[in-house]
Amino acid sequence: MTLLKRRIAGALAVIGVASLITFLQVEANHETDDQISEEAVWNAGPEDLSAIGQTCKAADPTRFRDCFIEQMGEYASSDAIAFTQMMASQKLPRLGYLAGLREYGVVDLGYVVYRGNENMHKGWTLVNGVPAVVNLDDVTILPKSAMEKDPQYIALRQGHPQIALAVTDEQRKTDAAPKIERLANEGERFVVPYSLQEPCANCAPLAQAFFGFDFNDAGKLVGIKFLSVEEVRP
């Protein structure tokens, strides 16, 4: 082989290796684009939860949350613990772990289990957009003023002046999901239901209020909109 041919062969080899490295880096980026992945899901067993509950049961609510997260280190992955810490650092802090994940594309749906000293509840979050976690169970972020102008809401409140927005386990079942609508700007809207009910432990929902969480095509939350009130039929 001539010197020129050897140089050409060497150059092609270098290019080939560089291309392979670039390809592997791109593939790795594709695999790790999502900040919250299946690695953050914790399939918590009853025995594990019972053991944590026994360790943390004497704590007050704030200390229980901190104790629970600390004890998770014995049973859950670091990604699962990180998700729970993110939930605990939200504007409305709650102790919740990721029990399931449904991938949609840019923005995904996370199924959450909220833990307390004596109880647990189900919830939904939108993850992997901007912000990384949007807690759909935080009713304080909803534009209630728009809902309060709705004729159906006004009529409902006339007979039930104490009705308020609430989240029920029935609405957040793990076999259910928000309806998704495409927006004109290539974004998407997650249509999320909430209960309207009187503030008592056993009060049944009187109606459902629907709010749209709008994301642009890059996955950024651009607005939350009131959509409608629908009466619950007995």
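Is the link of C200 and C203 left-handed or right-handed? In this predicted model, the link is right-handed, with 95° about the S-S bond. The sulfur atoms of C200 and C203 lie 1.4 Å apart. C200 has a relative accessibility of 37% and so counts as partly exposed, since buried means under 20% and exposed over 50%.

A disulfide is a covalent bond between the sulfur atoms of two cysteines. The protein chain has a count of 2 disulfides, and with bonded cysteines counted along the chain their pattern reads 1-2, 3-4. Besides the pair already described, C56 and C67 are joined, with 2.1 Å between their sulfur atoms. Here the link is left-handed, at -80° about the S-S bond. Helix α2 (residues 46-56) holds C56 and helix α3 (residues 61-72) holds C67, so this disulfide ties together parts that are 11 residues apart in sequence. Both cysteines, C56 and C67, are buried.

Turning to the interior, the largest nonpolar core has 24 residues, and those touching the most other members are L126, L136, M147, L196, F211 and F213. Two or more residues each come from β2 (108-115), β3 (120-127), α6 (151-159), β7 (188-197), β8 (207-215) and β9 (221-231). Strand β8 gives the largest share, 5 residues. A second core, separate from this one, has 16 residues, including W42, I52, F64 and C67. C67 is thus a member of the second core and also a partner of C56 in a disulfide.

Technical notes. Residues numbered from 1 in each chain as written. Predicted model: local features only at pLDDT ≥ 70, side-chain atom pairs only at ≥ 80, totals over all residues. Heavy atoms only, no water. Core = buried A, V, L, I, M, F, W, Y, C linked by side-chain atoms within 4.5 Å. Buried < 20%, exposed > 50% of the residue type's maximum accessible area, 1.4 Å probe, protein only. Helix = DSSP H or I, 4+ residues; strand = E, 2+ residues; numbered from the N terminus. Disulfide = S-S within 2.5 Å.
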